[in-house]
Every structure is written in structure tokens, then in C-alpha cells.
Amino acid sequence: MTTAVSDDVPFVDDRAARRNALVLALAQAFYGMGAINIFITAGLVGTQIAPSLSLATVPVSTYVIGTALATVPASLFMRHVGRKAGFLTGAMFGFIGALICVYAIFARDFWLFSFGTFLQGGYQAFAGYYRFAAADTASAAFKPKAISWVMLGGIAAAVFGPMIVIGSRSFFEPVMFAGNFAAVAALSIVAMAVICFVNIPHEREDLSKSDARPLSEILRQPRLIVAIMSGMMAYGMMNLVMTATPIAMVACGFTVDQSAWVIQWHALAMFVPSFFTGSLISRFGVERVLAAGMVLLSMAGIAGLTGITFANFAVGLVLLGIGWNFGYVGGTAMVTECYRASEKNKVQAVNDFCVFATVATASLTSGKLLDAIGWNAVNMALFPMVGLCLLALAWLSLNSRRVASV
């Protein structure tokens with residue numbers, strides 16, 4: 001069924017949006033399995049082959065730096081070739097990067113390994129647009145749910161990702177972890193096959209007839225400022241703690257398998273709420289869902305500060321995952337309210353660049369904080385970011401009331 005929309009939306013079909021959301025959820029699952037492998041094992045590979053322990057998280061950092069640098073080119077590329085071609089290109093980056101990592105582990109070449117994860121960051125940049133692509137043909141009412149449906153693919157990633165870590169890490173024994181990246185290469189190939197079923201009409205934009213506003217004007221919207229900030233802080237906080245967790249757990253005497261299970265529960269907490277996050281946004285409003293996410297992220301920090309037992313790590317990472325979901329899905333939904341159809345590529349590019357630049361900074365900071373000060377410092381770093389987001393949401397509420405009263 002086709003839904004009538006405003007003139008600046010060229011094509012809306014919720015039936016097609018549902019189909020694409022399901023296909024993209026499956027693509028998200030295979031991408032996510034590979035990403036979990038990287039987040040669990042890249043830092044551990046770093047502890048084995050890095051020149052110093054303080055550099056151990058650099059491969060995770062180059063992964064998110066690669067994402068940040070590729071977000072704008074990825075969006076502009078898809079503007080010209082369409083979503084499907086772009087997503088296939090991204091998965092190819094993942095495949096090539098994973099093969100380079102396998103070779104680098106055998107060669108014990110730390111910087112080549114970091115370059116391999118950098119290329120895989122390009123895959124994450126393209127995959128980051130799955131959620132926006134699902135909303136491309138959705139009506140305003142279905143957009144939050146379409147975004148949530150795509151994020152549900154992370155549940156399969158959370159269930160099977162750690163299993164792949166455990167099952168493949170000794171595949172090339174005694175060279176540990178090379179098998180993990182061979183598995184990531186295989187997952188990238190499967191993702192390409194799934195992406196072939198994406199069907200989103202690609203309409204080349206006629207710039208002479210475009211109603212797009214200047215980017216500077218779009219970015220001055222208070223609602224968009226808060227939306228981008230919410231996504232930045234939610235993803236940055238999550239990455240800051242998650243990157244350090246496997247290394248911190250092993251340092252506290254836990255095994256790699258135990259850290260993998262904690263990351264699994266964390267990943268489940270990241271994506272299971274997507275069953276109802278869209279409905280919560282529709283019922284209570286995106287601002288309240290974002291605020292709830294920030295509160296949960298602060299609770300994750302408290303859990304991490306109160307002890308170093310397995311329960312502290314597990315509970316903290318679960319709260320971290322739920323808080324991320326509310327913050328990231330909520331921020332994404334709010335961003336989609338702030339642009340016209342002709343403006344989507346550039347606004348989405350700016351949003352994801354800001355998000356993953358923050359993630360890259362958090363990842364680099366995580367290893368330094370953990371090595372120089374300790375696990376408590378990583379958790380304490382959450383509170384200033386939570387406070388900043390809550391202040392921004394309060395500012396938006398006051399601004400909205402002021403505008404309404406004029």
C-alpha cells in the first residue's frame with residue numbers, strides 16, 4: 001500500500017519498507033557478527049603483537065577511524081549509485097580488510113593488522129546506513145519501527161558472534177585469533193549475498209530542481225543539534241567501555257571465553273530492546289526515550305565502579321547496551337525528522353561522521369585510560385557525557401516551549 005506524503009518525499013511504500021527492513025536486518029546480523037569478532041579479539045591481538053601495551057586498542061581505534069573517514073564518502077557514493085551498490089562495496093571492504101588481518105597476525109605485523117581493521121571500518125561506515133535505508137521508503141509513522149527492525153539483526157549477531165569467536169580463535173593454532181578474521185571474511189561474503197535482495201528505488205537527484213536548503217541552515221536546527229549529539233555521546237560511551245572490557249577482564253583474571261560471554265550479553269542488550277524501542281518512541285516521545293538511555297548509561301558506570309567481579313562486568317555491560325539502544329535509535333529517529341528527502345544524504349553523512357569521529361576518539365582514549373589510570377577511570381568518563389546530553393535535552397525542551405509560546 002502506498003501512503004500519501006508531502007511533495008518533498010518522492011516515494012513512500014510501507015510494504016516495501018517492511019521487506020527492505022527485514023533484508024537489512026539480516027545484513028545487519030552478518031555485519032554485526034564480524035564486528036563483534038573485531039571488538040572482542042582486536043585488542044587481544046594487540047596485546048600480543050603491539051610494540052607496547054598502551055597501543056593494544058589501536059586496531060579497534062583504526063577500525064572506528066576508518067568508519068569515521070568513510071561515512072561522508074559512503075553517503076555521497078550511494079547518492080550516485082544507490083543503496084544496494086553502496087552496501088555491496090562496503091561488504092567488499094570488510095572482506096579485503098579481514099584477509100589482510102589474517103596475514104598480519106601470521107606475520108606479527110601490528111601496523112598492517114591495524115590497516116586491515118581500518119579497511120573493515122569502511123564496511124561499518126556503509127553498514128551504518130542500513131538503518132537510514134530502511135526508513136527511505138517508510139511513512140513518518142513507520143520510520144522509528146523500520147529503524148528498530150534493522151537493529152534487531154544485532155540479536156543474531158549477539159548470539160552467534162561470541163560463538164564464532166570461541167569456535168574460530170584456535171582454528172590456525174598455535175597462531176591464535178587468525179581464525180577469527182578468516183571467519184569475518186566469510187561473513188562478509190554471506191552479507192553480500194543477502195544485500196543483493198535489497199530493493200530501494202534509486203532516483204538521481206536533479207540539483208537544478210532541488211529544494212534542498214544550505215547545510216549550514218539545516219545544521220542550525222536545535223532539534224538536529226541535540227539529535228546528533230545524542231547519537232555521538234551514546235555510541236561514544238558504549239565504545240569507550242566496551243573496547244576496554246575484554247582487556248580489563250583478562251587483566252582481572254577472567255578468561256577470553258568469559259569476556260566473550262559478557263560481550264555477548266552486552267550485544268544482546270544493545271539490540272533486543274529494538275523489539276519495543278520504536279513503539280516507546282511513538283508512545284512517550286523520542287526525548288523521554290533519549291533521557292532514559294542516558295540514565296541507563298550512567299547506571300552502567302556505577303556498576304563498573306562498584307567492583308570487578310564477573311557480575312559487575314556483566315551487569316554494567318548489559319546496562320550499557322540498553323542505554324546505547326535508546327540513545328542511538330532515539331537519536332537516529334530524531335535526525336530523520338530534521339531533513340527533507342533531497343537533503344538526506346548530506347545530513348546522514350554529517351550525522352554519522354560526527355558519531356564515528358566520537359567513537360574513534362573514545363576508542364583511542366579507552367586504551368590510554370585503562371593503561372595509565374585503570375578500569376575505574378574508564379567508567380568515570382561516562383558521567384560528563386551523560387550530563388552533557390541531559391543538559392542538551394533540557395535546552396531543547398525549553399527552546400521548544402519558547403517557540404510554541406511565540
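Two exercises on the internal cavities of this predicted model follow, each with a worked solution.

**Exercise 1.** Describe the largest cavity by its volume, its lining and the elements that supply that lining.

Solution.
- Step 1. Search the whole structure with a threshold of 30 Å³ or more; this returns 3 cavities.
- Step 2. Take the largest cavity, which holds about 290 Å³ of space.
- Step 3. List the residues around the largest cavity: 26 residues line it, and Q28, Y31, Y235, M270 and F271 lie nearest its centre.
- Step 4. Assign the lining to elements. Two or more residues come from each of α1 (14-49), α4 (110-127), α5 (130-135), α6 (143-151), α7 (153-168), α10 (222-251), α11 (256-271) and α14 (310-336). The largest share, 6 residues, belongs to α1.
- Step 5. Sort the lining of the largest cavity by residue class: 19 nonpolar, 6 polar and 1 charged.

**Exercise 2.** Describe the second largest cavity by its volume, its lining residues and the division of that lining into nonpolar, polar and charged.

Solution.
- Step 1. The volume of the second largest cavity comes to about 50 Å³.
- Step 2. Its lining consists of Y31, G34, A35, I38, Y63, G94, Q120, Y123, V184 and S188.
- Step 3. By element, α1, α4 and α8 (178-195) each give at least two residues to this lining. α1 provides the largest share, 4 residues.
- Step 4. By class, the lining of the second largest cavity splits into 6 nonpolar and 4 polar residues, with no charged residue.
- Step 5. Check the two linings for a shared residue: Y31 is among the residues nearest the centre of the largest cavity, and Y31 also lines the second largest cavity.

Notes: Residues numbered from 1 in each chain as written. Predicted model: local features only at pLDDT ≥ 70, side-chain atom pairs only at ≥ 80, totals over all residues. Heavy atoms only, no water. 1 Å grid on protein atoms, 1.4 Å probe; cavity = no way out; pocket = protein on both sides within 12 Å on 5 of 7 lines; lining within 4 Å. Points joined across faces, edges and corners; volume = space filled by probe spheres on them. Nonpolar A, V, L, I, M, F, W, Y, C, P; charged D, E, K, R; others polar.
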